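User: Could you take me through the model shown below, one question at a time, and give the reasoning behind each reply?

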Amino acid sequence: MRNIMIIDDEINICTLLSKFLGKHGFKVDTTMSGNAALKMMKEKPYDLVLCDYRLKDTDGAQLLQDIHQLNPRTIVIIITGYTDVRVAVEMVKNGAYDYLSKPLYPDEILNLVHKAFAHLDAESEREAMQVISQPQAAAANRESSSNGKAPVSEMLDKSNKYVYGESAGAMELFRQIKLVAPTDYSVIIFGETGTGKESVAHLIHHHSKRSSQPFVALDCGSLSKELAASELFGHEKGAFTGAIGTKIGAFEQATGGTLFLDEVANLSYDIQVALLRVIQEKVIRRVGSLKEIPVDVRIIVASNEKLSESVQKGRFREDLFHRFNEFTIYIPPLRERKEDLPLFVNAFIGQVEKELQKNCGKITQEVWECFQKYSWPGNIRELKNVIRRACLLTPEHQDITMSALPLEMKEAFVQSYEEDPVTELATIANENDLKTVALQAEYNKIINVLKEVKYNKTKAAQLLNIDRKTLYNKLRLLNINY
């Protein structure tokens with residue numbers, strides 16, 4: 001459950017926001033002073049803070065600085081009763097995630113909170129991917145040196161902080177990122193959900209000429225037609241119902257830098273038309289305004305389906321597709337780069353050990369075998385969640401076993417053996433066909449009972465009318481890893 005703190009010297013606002021966000025699944029604490037908030041944050045971590053700009057004992061600018069000193073990862077959203085956009089923009093420049101103007105509207109608050117947490121999850125994913133294999137870096141450095149170019153290690157952060165991997169797909173991904181990053185090309189990133197598309201976009205920006213300028217990410221999949229125009233281009237006060245102040249859109253926020261549009265195929269036709277004009281003319285108009293504002297933005301878009309197929313289906317404008325398609329990067333799914341599993345697993349275990357402040361132990365051979373056989377439909381994001389779960393469930397200094405894995409992974413692992421049980425059991429028996437058939441029947445019976453009792457060995461032994469020791473012996477004999 002996400003922890004949210006509300007800081008406002010109006011008790012009614014604290015009460016209303018606490019009840020509203022609590023109903024939507026958040027754990028909310030409130031306080032009416034900045035000093036009390038800082039004391040609370042020293043005792044308990046908060047994922048997000050909604051903070052009034054004007055407090056009796058401090059102001060939002062000072063409190064923002066104090067909060068980030070305590071925990072740089074805490075997201076801060078400023079609440080202000082002033083419609084002076086310059087104050088709000090200055091706060092955002094100083095590290096606030098965004099701002100809200102009073103009076104507050106529930107839908108606007110909830111949308112911004114969800115957007116902030118999506119941003120936090122993306123940041124966590126990028127950090128989890130912040131390791132690069134030393135053999136690959138060395139090989140890339142040798143290649144760069146032989147060409148008379150700067151070593152890749154100089155191109156990357158000093159901490160060598162992105163996981164690329166050592167598979168052919170990962171190496172090709174790295175080569176393409178290295179190739180396109182210094183240019184100003186628009187880039188389409190194509191890959192399944194959970195493959196790290198935003199991480200790749202961030203990396204392209206990080207190694208571009210725009211790296212010192214803003215990187216702004218926008219999830220187009222969660223935007224309605226009305227909200228998309230405001231989020232992309234901004235709006236003027238009074239432009240529509242609820243527009244009680246001027247809002248700066250993503251294009252203005254990203255001026256000079258990079259704008260990343262995730263799941264861009266979900267944008268409505270009208271927004272696609274407006275987007276095409278912005279790309280062609282390099283100017284935007286806020287909703288409710290006739291004034292044209294010049295923008296200089298590099299655009300990177302991402303989709304979990306091929307945009308060319310969306311064009312064929314009539315869901316995406318062909319002319320806009322060709323504007324974006326100056327360079328395309330394909331991120332292979334995890335099932336196509338199983339060689340990289342050890343790299344990712346070790347990186348995630350290291351991260352989780354820091355999060356939980358515990359030693360997660362080693363992964364058993366059975367778990368490694370399960371990882372290799374599993375198809376990983378959720379890709380790197382799913383792997384990260386599996387590691388977090390396993391480390392949490394496993395006592396400190398003990399090895400991570402199959403019991404710590406999700407049920408769907410255990411069932412998939414069992415299924416991989418059921419697809420060809422005769423071959424597996426023949427290897428075990430290695431005597432005559434009759435014994436193989438008997439072992440196969442016994443194998444199938446035990447597997448079915450284990451599924452029925454959700455892999456509870458005590459209950460399985462009772463249903464099979466044998467003791468636990470006998471069941472364990474049969475599990476070892478039949479190579480059933482539970």
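**Aromatic pairs and salt bridges**

Analyst: In this predicted model, the structure holds nine aromatic pairs. One of them is formed by F344 and F348, whose ring centres are 6.4 Å apart with the planes at 25°, so that the pair is stacked.

User: How far apart along helix 15 are F344 and F348, in helical turns?

Analyst: A pair of aromatic rings is described by the distance of the centres and the angle of the planes, but the positions in sequence matter to this question as well. An α-helix has 3.6 residues a turn, so residues three or four places apart point the same way. F344 and F348 are four residues apart in helix 15, and the separation is therefore about one helical turn.

User: Is F344 buried or exposed, and is F348 buried or exposed?

Analyst: The cut-off for a buried residue is a relative accessible area under 20%. F344 has 0% relative accessibility and so counts as buried. With 1% relative accessibility, F348 likewise counts as buried.

User: What span does helix 15 reach from its first C-alpha to its last?

Analyst: Helix 15 covers residues 341-356, which gives it 16 residues. Its buried residues are L341, L343, F344, V345, A347, F348, I349, Q351 and V352, and the helix is followed by Q357, whose phi is positive, near 55°. At 1.5 Å a residue the expected span is 22 Å, and the span from first C-alpha to last is close to that, at 22 Å.

User: Which residues form one aromatic cluster?

Analyst: Rings of Phe, Tyr and Trp can pair when their centres lie within 6.5 Å. One aromatic cluster is formed by W368, F371, Y374 and W376.

User: How many salt bridges does the structure hold, and what is the distance between the closest N and O atoms of E172 and R175?

Analyst: Side chains of opposite charge can pair when their charged atoms come close. The structure holds 16 salt bridges, and one of them joins E172 with R175, two residues that lie three apart in helix 8 (residues 168-180) and are therefore separated by about one helical turn. E172 is partly exposed, with a relative accessible area of 31%, and R175 is partly exposed as well, at 44%. The closest N and O atoms of the pair are 2.9 Å apart.

User: How many residues apart are R335 and E192?

Analyst: R335 forms a salt bridge with E192, with 2.4 Å between the closest N and O atoms. The pair links distant parts of the chain, since R335 sits in the loop between strand 12 (328-330) and helix 15, while E192 sits in the loop between strand 6 (187-190) and helix 9 (197-206). R335 is partly exposed, with a relative accessible area of 37%, and E192 is partly exposed, with a relative accessible area of 27%. Along the sequence, R335 and E192 are 143 residues apart.

User: Where do R286 and E236 lie, and how many residues apart in sequence are the parts that the pair ties together?

Analyst: R286 forms a salt bridge with E236, the closest N and O atoms lying 3.2 Å apart. R286 lies in the loop between strand 9 (283-284) and strand 10 (293-294), and E236 in the loop between helix 10 and helix 11 (250-253), so the pair ties together parts of the chain that are, in sequence, 50 residues apart.

User: R286 or E236: which counts as buried, and which is partly exposed?

Analyst: Buried means under 20% relative accessible area. E236 has a relative accessible area of 22% and is partly exposed. At 15% relative accessibility, the residue that counts as buried is R286.

User: With which residues is E231 in contact, leaving aside its neighbours within four places in sequence?

Analyst: E231 lies in helix 10 (residues 225-233). Its relative accessibility is 8%, so E231 counts as buried. Leaving aside neighbours within four places in sequence, E231 is in contact with N111, K115, L218, L223, K247, G249 and A250.

User: Which residues are linked with R210 in a network of salt bridges?

Analyst: A network of salt bridges links three residues, one of which is R210. The residues linked with R210 are D184 and D296.

How values were computed: Residues are numbered from 1 along each chain as its sequence is written. This is a predicted model: local features need pLDDT of at least 70, side-chain atom pairs count only at pLDDT 80 or more; totals for chains, interfaces and linings use all residues. Side-chain values use heavy atoms; hydrogens and water are left out. Buried means under 20% relative accessible area, exposed over 50%, partly exposed in between (1.4 Å probe, protein chains only). Contact means heavy atoms within 4.5 Å. The expected span of a helix is 1.5 Å times one less than its number of residues. Rings of Phe, Tyr and Trp (its six-membered ring) pair if their centres lie within 6.5 Å; planes under 30 degrees apart count as stacked, over 60 as edge-to-face and the rest as tilted. A salt bridge is a side-chain nitrogen of Lys or Arg within 4 Å of a carboxyl oxygen of Asp or Glu.
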